[in-house]
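Me: I would like a close look at a single part of this model. Please keep it brisk, and set the part in the context of the whole chain.

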Amino acid sequence: MKTARLTLRPLNTADASRIAVLGGDWDVARMTGRIPYPYTAEQALHWVSDLAEGEVVFGIEHAGSLIGICGFSPDGNGSAEIGYWIGRPFWGQGFATEASQALMSYGFNKAGVKRFTCCHFTDNTQSARVARKLGFRSLGPCTGWSEARNAHLPTQTYERHRPWTSALKSTAMKALAS
Ligand SMILES: CC(C)(COP(=O)(O)OP(=O)(O)OC[C@H]1O[C@@H](n2cnc3c(N)ncnc32)[C@H](O)[C@@H]1OP(=O)(O)O)[C@@H](O)C(=O)NCCC(=O)NCCS
């Protein structure tokens with residue numbers, strides 16, 4: 001998938017060492033639920049090779065290099081939780097927003113997602129901003145697990161429903177395919 005500046009592509013095992021370096025940065029890992037700290041290339045390789053059934057994950061490439069990851073996990077009932085991270089050298093250039101917009105279009109138009117949810121730790125002001133730019137509305141506070149911080153932390157949750165234009169597109173695509 002292409003955007004103005006980015007390519008979203010499947011991950012492969014050759015990405016593991018770069019994922020470990022960029023994702024293993026404390027300021028990235030501590031804001032995610034699942035990245036441990038420290039994060040070794042072996043752990044990243046294991047994660048890339050053993051993605052959960054149904055999980056949709058893309059590497060985010062800019063100018064030919066992997067700069068981050070985004071994806072979503074469908075719950076089987078039309079909802080999917082979105083996640084994203086960008087390597088620290090590439091923050092503040094709109095990349096998380098641009099990649100996630102493309103990911104959500106894909107989810108709404110091609111993957112049958114009717115509702116996206118997202119959440120971030122309350123101390124993650126950048127991600128709060130990204131969620132707002134993506135059109136999410138707040139559902140309020142809860143608690144989430146941080147593997148890197150080895151703790152349950154205050155978290156904000158959000159949702160965004162499929163726009164009616166995406167619902168029409170999705171129905172039209174199914175009709176064309178049948
Ligand atoms: C959150 C993250 C993905 C944002 O990536 P990014 O590519 O820099 O995001 P964008 O550039 O699209 O948007 C960042 C927004 O945060 C704003 N921002 C940056 N630092 C900020 C701060 N300290 N406080 C508030 N807002 C801040 C930017 O100005 C920008 O908003 P704007 O476009 O209105 O100016 C990135 O910081 C990251 O990977 N962090 C660690 C992992 C993580 O938090 N993942 C998400 C878990 S929910």
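Where is the place of Asp15? Please build the picture out from there.

Reply: Bear in mind that this is a predicted model. Asp15 sits in a loop. On one side of that loop is β1 (6–9), and on the other is α1 (16–23).

Next, burial. Asp15 is partly exposed, because 19 other C-beta atoms lie within 10 Å. A residue needs 20 or more to be called buried. Across the chain, 30% of the 178 residues count as buried.

Now the neighbours. Leave out residues up to four places away in sequence, and Asp15 touches Val48, Gly59 and Leu66. Ala41 gives a further distance to check. Asp15 and Ala41 are 26 residues apart along the chain. Their C-alpha atoms are separated by 9.3 Å.

Contacts across the chain can be put in the same terms of sequence separation. Take those between residues at least 6 apart in sequence: 59% of them join residues at least 24 apart.

Step back to the fold. The chain has 6 helices and 7 strands. Read along the sequence, their order is β-α-α-α-β-β-β-α-β-α-β-β-α. The loop that holds Asp15 lies between β1 and α1, the opening β-α step of that pattern.

Last, overall dimensions. The C-alpha trace spans about 50 × 35 × 30 Å along its principal axes. The radius of gyration is 16 Å, which agrees with a compact globule, because one with 178 residues would have a value near 16 Å.

Methods: Residues are numbered from 1 along each chain as its sequence is written. This is a predicted model: local features need pLDDT of at least 70, side-chain atom pairs count only at pLDDT 80 or more; totals for chains, interfaces and linings use all residues. Helices (H or I, at least four residues) and strands (E, at least two) are DSSP runs, numbered from the N terminus. The radius of gyration is taken over C-alpha atoms; the globule rule is 2.2 Å times the number of residues to the power 0.38. A residue is buried if 20 or more other C-beta atoms lie within 10 Å of its own, exposed if 12 or fewer, and partly exposed in between; C-beta atoms are placed from the backbone. Two residues are in contact if their C-beta atoms, placed from the backbone, lie within 7 Å.
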